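I opened a new page for this structure and wrote down what I looked up, in order. I began with the nonpolar interior and then went through the strands.

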Amino acid sequence: QVQLVESGGGSVQAGGSLRLSCAASGYTNRPNCMAWFRQAPGKEREGVAAIYTSSGSTYYADSVKGRFTISQDSAKNTVYLQMNSLKPEDTAMYYCAAAPFLPLWSSQALAVNTYNFWGQGTQVTVSS
């Protein structure tokens, strides 16, 4: 059973930056795919960024391209989400997710049903 613990959320003004961390544990084989999702009140959970842990390939939602960067530290079993130029519309609960296997198509890297394991979430609030 994979455990995921997020940290690094908080409140920031528009234009500011935050870095989220996701520490993974409890697995025998490292998940092949990890991602960050977010969910704002009244909205569906959406994929923000994903990384294939072996190849390092990354995928981003159009809304965050050029502003967010997903990365990993394999030695620490941790995935990061660096968020720059934050906007009020980035306000949401951010969740880390892990999948044992790669999706069949890369277009599924940001799909909720690709992932089996989820963290509890960390709140990000961006004020204007």
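Entry 1, the cores. I looked up the largest nonpolar core and found 28 residues in it. Leu4, Met34, Trp36, Leu81, Met83 and Tyr94 have the most contacts inside this core. I then listed the elements that give two or more residues to it: strand 3, strand 4 (33-39), strand 5, strand 7 (68-73), strand 8 (78-83), strand 9 (92-99) and strand 11 (122-127). I also noted a second, separate core of nine residues, with Ala35, Ala97, Ala99 and Ala109 among them. I kept in mind throughout that this is a predicted model.

Entry 2, Leu81. I picked one residue of the largest core and asked what Leu81 touches, not counting residues up to four places away in sequence. The list I got is Leu18, Arg19, Leu20, Trp36, Val48, Ala49, Phe68, Thr69, Ile70 and Tyr94. Trp36 and Tyr94 from this list had already come up in Entry 1 among the residues with the most contacts inside the core.

Entry 3, strand 1. I checked which way the side chains point along residues 3-7 and found that they alternate. Leu4 and Glu6 point to one face and are buried. Gln3, Val5 and Ser7 point to the other face and are not buried. Strand 1 pairs with strand 3 (residues 18-25) in the antiparallel sense, over five bridges. Opposite Val5, I found Ala23 in strand 3.

Entry 4, strand 5 and its partners. I found strand 5 mostly covered, with six of its seven residues buried. On one pairing, strand 4 and strand 5 run antiparallel and are joined by six bridges. Arg38 has Glu46 in strand 5 as its bridge partner. These two strands form a hairpin with six residues between them, and Gly42 in the turn has a positive phi of about 80°.

I then looked at strand 6, which pairs with strand 5 in the antiparallel sense over three bridges. Here Ala50 has Tyr59 as its bridge partner. This hairpin has five residues between the strands, and Gly56 takes a positive phi near 80°.

Entry 5, Thr53. I located Thr53 in the loop between strand 5 (46-52) and strand 6 (58-60). Is Thr53 buried or exposed? I put it down as buried, because its relative accessibility is 8% and the cut-off for buried is under 20%. Leaving aside neighbours within four places in sequence, Thr53 is in contact with Arg30, Pro31, Asn32, Cys33, Met34 and Gln72.

Notes: Residues are numbered from 1 along each chain as its sequence is written. This is a predicted model: local features need pLDDT of at least 70, side-chain atom pairs count only at pLDDT 80 or more; totals for chains, interfaces and linings use all residues. Side-chain values use heavy atoms; hydrogens and water are left out. Buried means under 20% relative accessible area, exposed over 50%, partly exposed in between (1.4 Å probe, protein chains only). Contact means heavy atoms within 4.5 Å. Two strands pair if DSSP finds at least two bridges between them. A nonpolar core is a set of buried Ala, Val, Leu, Ile, Met, Phe, Trp, Tyr and Cys residues joined through side-chain atoms within 4.5 Å.
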